[in-house]
Amino acid sequence: MNILVLSHTYITRVGREKWRALAAREDVRLRIVVPTVWKDYLFTLRYADHHDDELDMRAMPVLFSGKEAAHAYVSTDMAMRGFHPDILHAEEGTDALSYFQALCYSRVYAPKVRTLFFTWMNFEKTLRFPFNAIERFNLRHSDAAICGNSDARDILRAKGFDKPVTVMPLLGLDAELFARREQPALRRELELKGTVIGFIGRFVPEKGVLDLIRAAGRLRGDFTLLLIGGGALEDEMRRLAAEVGVADRLRIVRSIPHADIPRHINCMDMLVLPSYTVPHWKEQFGQVLVQAMASEVPVLGSTHAEIPRVIGDAGLTFEERNTEQLLERMQQLLDSATLRSEFAEKGRRRVLELYTNTRIADRTYEVYREMLA
């Protein structure tokens, strides 16, 4: 089968591992189309800096770089000519102009192609013209969908999309990179003492980081609060920590490179994700939970969005914005090394079953086989 993938995500090498696993199959011929340049809100990415000789990568210039729905490729065939794809797989959402463009081109270069898209969108978004019309066209001309969470699937169904839908995350995880490795030197450097309660994410209200600090102020026992990330709330976080009496237990590490995340997770004895719903935002998946579970770090998350489905029976959950329940669950894990050990084992096992790059590649291949059948 010839698979043509369309996604700005793979302009960098991070994330391509699932495609290496899929391309290794004898009956798969894979080609991935990416922008030559992607202007993210924080930095500019260039494919030339992440060139790949192992995969058939086709980098092309785009208009409106950095805009997921609005960008379009400067190309007359989007690498379809002579490739004759059996599957067109776009990972830019339901209203993507680039997917609309590819669907139109496929009528000329691959009239029998089967089509699917990926979407994370887990809250209702009002689309204006032309994107509302583009979405209708894209949905009508798609044969299947992959959703990063269950809410996205439900929204698709509400829009009238009645084709096959599979729920799984966009990216898998490298279970060798994220594995348990003690970090005594880093723990000393960060002055971590007792049980280390960790958080990784943006310092914004909806991530629940202030709720975490409030709950920590009432915890009993020896612990350190390790918060990794960045954002406008940092000063307020420090003030609140002083107010509730945990300023001396608080360690804030500003945003770290992706390569350093495994080391820092391995300094933690538990990881907490206390996100809560706000208008126009919900947690799409909670990748940091999977990273912690793979590293045999027990996880505790709110019942917000996809978080409880990601955790399953491999950790504890609490009702979102319920600080009393958050405190109770944190105290449970703080008090019981046995419970932490049990969840550490379950978490690693759950990741190996569901969330590795190889497993995501296998499930994607199953979707393709079903479409072609």
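This report walks through the fold of one protein chain, starting with the whole chain and then taking its two open sheets in turn.

## The chain as a whole

First things first: what you have above is a predicted model. The protein chain is built with 13 helices and 17 strands. Lay a box along the principal axes of the C-alpha trace, and that trace spans about 65 × 40 × 35 Å. How does the radius of gyration fit with a compact globule? For 373 residues such a globule would come out near 21 Å, and the protein chain has 22 Å, so the two agree.

Now for the inside and the outside. Of the 373 residues, 56% count as buried. The surface that the protein chain exposes adds up to about 16600 Å², and carbon and sulfur atoms supply 49% of that. Next, take the contacts with a separation of 6 or more: residues 24 or more positions apart account for 74% of them.

## The sheet of seven strands

Let's look at an open sheet made of 7 strands, which line up in the order 5-2-1-8-9-10-11 with parallel pairing. Strand 5 (57-60) and strand 11 (165-167) are at the edges; each has a single partner strand, so one side of each has no neighbour in the sheet. From one strand to the next, the twist averages 20 degrees.

Two helices lie against these strands. Helix 4 (residues 150-158) packs on the sheet and touches strand 9, strand 10 and strand 11, with a direction at about 160 degrees to that of strand 11. Helix 13 (residues 357-372) lies across strand 1 (2-6), strand 8 (87-90), strand 9, strand 10 and strand 11, and runs at about 145 degrees to strand 9.

## Zooming in on strand 10

Strand 10 (residues 144-147) is a good place to stop and look. It runs parallel to strand 9 (residues 114-119), and 4 bridges join the two. With strand 11 it is also parallel, this time joined by 3 bridges. Pick out Ile-146 and you can follow both links: Phe-118 has Ile-146 as its bridge partner in strand 10, while Ile-146 has Thr-166 as its bridge partner in strand 11.

Which residues of strand 10 point to which side? In a regular strand, side chains alternate between the two faces of the sheet. Here Ala-144 and Ile-146 are on one side, Ala-145 and Cys-147 are on the other, and all of them are buried, so both faces are covered.

## The sheet of six strands

Another open sheet has 6 strands in the order 14-13-12-15-16-17, again with parallel pairing. Its edges are strand 14 (250-254) and strand 17 (315-318), each with a single partner strand, so one side of each is left without a neighbour in the sheet. Ignoring direction, neighbouring strands are turned by 20 degrees against each other on average.

Within this sheet, strand 12 (residues 195-202) pairs with strand 15 (residues 270-273) in the parallel sense over 2 bridges. One residue to find here is Ile-197, whose bridge partner in strand 15 is Met-270. Then there is helix 7 (residues 234-243), which lies across strand 13 (223-230) and strand 14 and runs at about 170 degrees to strand 14.

## A word on the cysteines

How many disulfides does the model have? The count comes to 0 when a disulfide needs two cysteine sulfur atoms within 2.5 Å. Are Cys-147 and Cys-267 buried or exposed? Cys-147 has a relative accessible area of 0%, so it counts as buried. Cys-267 is buried too, with a relative accessible area of 0%.

How values were computed: Residues are numbered from 1 along each chain as its sequence is written. This is a predicted model: local features need pLDDT of at least 70, side-chain atom pairs count only at pLDDT 80 or more; totals for chains, interfaces and linings use all residues. Side-chain values use heavy atoms; hydrogens and water are left out. Two strands pair if DSSP finds at least two bridges between them. Axes are lines fitted to C-alpha atoms, for helices over the stretch in contact, and angles run from 0 to 180 degrees between N-to-C directions. Contact means heavy atoms within 4.5 Å. Buried means under 20% relative accessible area, exposed over 50%, partly exposed in between (1.4 Å probe, protein chains only). The radius of gyration is taken over C-alpha atoms; the globule rule is 2.2 Å times the number of residues to the power 0.38. Accessible areas come from the Shrake-Rupley method with a 1.4 Å probe; for residues, only the protein chains shown count as cover.
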